[in-house]
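Q: I have a structure open and would like to go through it piece by piece. Can you help me read it?

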There are 2 protein chains.
Amino acid sequence: MILVSREVVLYDTTLRDGAQTEGISLSVGDKLQIVRKLDDLGIPYVEGGWPASSPKEMEFFQQVRKLKLKNSVVTAFGSTRKANAPVGKDPQVESLLKAETQVVTIFGKSWDFHVREALKTSLEENLKMIADTVAHLKQHGPMVMYDAEHFFDGYLANPEYALKTLQAAAENGASCLILCDTNGGSLPSFIHRVVDEVKSRIQVSLGIHCHNDADLAVANSIAAVEAGVAQVQGTVNGYGERCGNANLCSIIPILQLKMGYACVPSQRLQMLTEVAHFVAEVCNMKPDDHQPFVGVSAFAHKGGVHINAMQKDPRTYEHLDPDRVGNKSRFVSSELGGKAGVQASAKVFKLDSTDPEQAKIFLELVRAKESEGYHYEMAPGSYELLMRRAYKKRFKDFFELEKFSVLIERTPKGTLTSQATIKVKVDGKSEHIVAEGDGPVNALDQALRKALLPFYPDVGKMHLVDFKVRVLESRSGTAAKVRVLIQSQDEQDSWWTVGVSQNIIEASWQALVDSIEYKLLKDKKS
Amino acid sequence: MILVSREVVLYDTTLRDGAQTEGISLSVGDKLQIVRKLDDLGIPYVEGGWPASSPKEMEFFQQVRKLKLKNSVVTAFGSTRKANAPVGKDPQVESLLKAETQVVTIFGKSWDFHVREALKTSLEENLKMIADTVAHLKQHGPMVMYDAEHFFDGYLANPEYALKTLQAAAENGASCLILCDTNGGSLPSFIHRVVDEVKSRIQVSLGIHCHNDADLAVANSIAAVEAGVAQVQGTVNGYGERCGNANLCSIIPILQLKMGYACVPSQRLQMLTEVAHFVAEVCNMKPDDHQPFVGVSAFAHKGGVHINAMQKDPRTYEHLDPDRVGNKSRFVSSELGGKAGVQASAKVFKLDSTDPEQAKIFLELVRAKESEGYHYEMAPGSYELLMRRAYKKRFKDFFELEKFSVLIERTPKGTLTSQATIKVKVDGKSEHIVAEGDGPVNALDQALRKALLPFYPDVGKMHLVDFKVRVLESRSGTAAKVRVLIQSQDEQDSWWTVGVSQNIIEASWQALVDSIEYKLLKDKKS
């Protein structure tokens, strides 16, 4: 279908705009790890940060020069000079040169309203600020890219002035003008029309930088490419302030697999899912299970009709082969899926999947467990363990529980303590461990890890990232059954496990144990 | 800017397609609650479910008929008849009529590939299946809408056949033909072109139903509206299988505030944020903080430069006024407003409501507690207690806690025991009580009741009916803070109370104590 191969240049701003996300705080080491990963993926430009904003940022630029990058050029980000002051003495502009990058990107104002209300300066002075700063930087060596902040709002309000700001950057040597939808409120048809009109007036190559406030950042970026921009800016997983930036994990496969643009080397595209999880891990963010292309549920099929058709031909319910972005199809293991779903899963786990009698027995087991309140659809980790046990491909018993106890006390002063003791047998050796924690489940988690770490150091490389409790049959009040779901994560993957009991501590224990067994089993396989 | 007011009809499928989300499982009661909320918001069509799929679905249709809805029509969903079998004897089709809805929506195949590979029937028979089923349903009364599954993939593969499937539905009386991007892989420009072409060939009104596999469901829905469809289908919060369905919480404000379409009564649009959170709560899904329009971070400003400009004029960094969708701007620190609400509540509780200083102090207390994770909107019982305490109209101390402890043990045989001890002072008399229960919270509940019953026999007339646990800040895994909500009931009333702590036992204790105090206070007043 796709005949022409054209190029779009990707510009990643995860380390700068993405780091503005509430909840993300990156160390220099974190940023260097992400740069290496983006270099592996083949991203041409990686915006490293704003050197003037903190000494940590400048340290990053010193460190990143020592990396031997194969594909990525790291850029420094800043703004135009201050109003009514010489550019040569502006410390913010000077720090951009001190970062010693091959490329510098600066932003300036394109919206007359912002010039007046936020900068409190004249429209004329703003044009000089753009011109001076681009010229000064260019004269000192680096290639200069120009981010036109609020370009689309500015163009709507005063198109002639917005164009003049672009001309000021272009005439002074900017090599690319990036049109920014800073407030993220524009619609794709408007973006397309404006890019079209700008292209007819400006000769320099254009780029696009979108925010997701109207849930349209990916669509707006695509619309701009259709209208002819040469550069697309975005972040991994769409991280960014408010509703985030345009998500490169969606834009890359759309451009490359659906529109025939070359973005990253085609064999590298298979790294995409891994890169998305890796960046989530380094940013300490929970991955979005339903994220297009790279989420663990992105190619997960639930209904029996869907699973049936998928067995006949995956194109029936998949818009592309998940393998191309490093993801995989998965059959959600609820009883809706039936025997076909069980056999499909067995095949995925490389178990003997041909015996229909075995599938039937297993399906009955799943149904019995689900009627007790287990919900394997939400806990594929526990599902895989259950199936491996049932199919007699029993993995080694990593440990045996003898007993546990949890004691929560509140003193007359209101102080709370939670203490857990567990007795487990590992490799024939009994371990009796006590640990404290923030709450009873955390205490149990601490005790179990303390017991297992000497035997299985890899347990130290996983951690719990999410924890859900659902009360089943809530009509029985505090004596109701509860279902606990736990999500764990390591550098490669994340997985959910489940426990059910009338006792919330016991339910949590079951999910914790499955979570650790899944990790150990996974590492053994690989 | 917006001059023309045109109408787009919304069709919500949260209860059917949304319920396909991995992790969502709705009871009949949950579904009825959601219907009521969507009716309040003013959604014209609410798809209730697939009556043939389970007895629970049919029970929903029996129950929903009893609701007095003001704005919404509930629809039943199903498929065309089986191949090579009479429509009148197809139990799946019959169950659609048994649901007794004014509108029935059925889906059928438009993609020749799917007819051959998934249905394993002839292209001709598929057309008959569509024609027969629409005609049969129509003849028995309800208005029939037709979902053309995989329409866009089908149109790409074999446009003439795809159009014939639409004609089969149209000629037999379908009142709206909904073009579905079932696999979610289409691009907005393609959607626009196809809708354009279909419109020139088909006279019946068209609708759009998009999935988000390419991160473009909202953009694709908007593109279809721009090309002239009259109905848009989607789900609250974009819930749905794999990567979800088109998100109505984004589509509604885009259509209504940015494009000038009438979707819901304009004063109802302010309910949008509340509806999004309500549905998330009923589905037991954590709301997405960064969700466009309705997320808590959607209008949250972090950087000093942004906050500065925002103080000068909110339009500098906001694409629309958050108030219009019931959301609000947020700065990292101080917030304003809300005093009027406090004074109104004080009046309801017959407290001195005229002192503005007291209202201010109380508002600060509520904000401090809410930033710790308390959520008084969900726990009016605890809110009333908090206000009575703050307004010095302190009710009698029914009891004083000295200390408690909870011990959970699992023996080597797997037996579990939960035991709670509490020491409380009632009427100057110390009571030291021990009790067992089914799980730690139940044990604590038993102990507290045992201690109080001799003094307050009315405690025996209330019981706990619902219990919800929500993990806040889930990133810290098992050390996360949890919010416990407890609903209690006596012969007259039911009330919700709340507790928050890193320790789930302590959080439950707080909610239990509030629940009992609320009951005692209520009885004293009456």
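Q: How many residue pairs are in polar contact between chain A and chain B?
A: This is a predicted model, and it has 30 residue pairs in polar contact between chain A and chain B, counting pairs with both residues at pLDDT 80 or more.

Q: And how many salt bridges between chain A and chain B?
A: The count is 2 salt bridges. One of them joins B:Glu506 to A:Arg410, with the closest N and O atoms 3.0 Å apart.

Q: Which element gives the most to the side of chain A that touches chain B?
A: Strand 13 of chain A, residues 400-410, gives the most, with 10 residues.

Q: What classes of residue are on that side of chain A, the one that touches chain B?
A: There are 42 nonpolar, 36 polar and 30 charged residues on it.

Q: How many residues does each chain put into the contact?
A: Chain A puts in 108 residues and chain B 106 residues. The area buried between the two chains is about 8,700 Å², and carbon and sulfur atoms give 55% of that.

Q: OK, now just chain A. What domains is it divided into?
A: Domain 1 covers 9-264, domain 2 is made of 286-393 + 463-526, and domain 3 covers 399-455.

Q: How far apart are the centres of domain 2 and domain 3 of chain A?
A: Taken over C-alpha atoms, the centres are 27 Å apart. In the contact between these domains of chain A, 11 residues of domain 2 meet 12 residues of domain 3.

Q: How much area do domain 2 and domain 3 of chain A bury between them?
A: They bury about 1,100 Å², with 86% of it on carbon and sulfur atoms. On the domain 2 side, A:Ile505, A:Trp509 and A:Ile516 supply 56% of the area buried against domain 3, more than any other three residues.

Q: How many salt bridges are counted between domain 2 and domain 3 of chain A?
A: The count is 0 salt bridges. For residue pairs in polar contact, both at pLDDT 80 or more, the count between these two domains of chain A is also 0.

Q: Which elements give two or more residues to the domain 2 side there, in chain A?
A: They are strand 16 (463-471) and helix 17 (504-525) of chain A. Helix 17 gives the most, with 8 residues. By class, that side of domain 2 has 7 nonpolar, 2 polar and 2 charged residues.

Q: Different topic: helix 3 of chain A. Which of its residues are buried?
A: Helix 3 runs over residues 91-98, and A:Gln92, A:Val93, A:Ser95, A:Leu96 and A:Leu97 are buried.

Q: What do the buried residues of helix 3 of chain A pack against?
A: They pack against helix 2 (55-64), strand 4 (73-79), strand 5 (103-109) and helix 5 (123-139) of chain A.

Q: What caps the N-terminal end of helix 3 of chain A?
A: A:Asp90 does, with a side-chain oxygen 3.0 Å from the backbone nitrogen of A:Gln92. Following helix 3 is A:Glu100, which has a positive phi, near 55 degrees.

Q: Last one, over in chain B. Is B:Leu206 buried or exposed?
A: B:Leu206 is buried, because its relative accessible area is 3% and the cut-off for buried is under 20%. Its place is in strand 8 of chain B, residues 206-210.

Q: What is B:Leu206 in contact with, leaving aside neighbours within four places in sequence?
A: Its contacts include B:Cys176, B:Leu177, B:Val195, B:Lys199 and B:Val229.

Definitions and conventions: Residues numbered from 1 in each chain as written. Chains lettered and ligands numbered in written order. Predicted model: local features only at pLDDT ≥ 70, side-chain atom pairs only at ≥ 80, totals over all residues. Heavy atoms only, no water. Helix = DSSP H or I, 4+ residues; strand = E, 2+ residues; numbered from the N terminus. Buried < 20%, exposed > 50% of the residue type's maximum accessible area, 1.4 Å probe, protein only. Contact = heavy atoms within 4.5 Å. Domains from an automatic or database assignment. Buried area = accessible area lost by both parts, 1.4 Å probe. Salt bridge = Lys/Arg side-chain N within 4 Å of Asp/Glu carboxyl O. Polar contact = N/O pair within 3.5 Å; in protein donor to acceptor, adjacent residues only side chain to side chain. Nonpolar A, V, L, I, M, F, W, Y, C, P; charged D, E, K, R; others polar.
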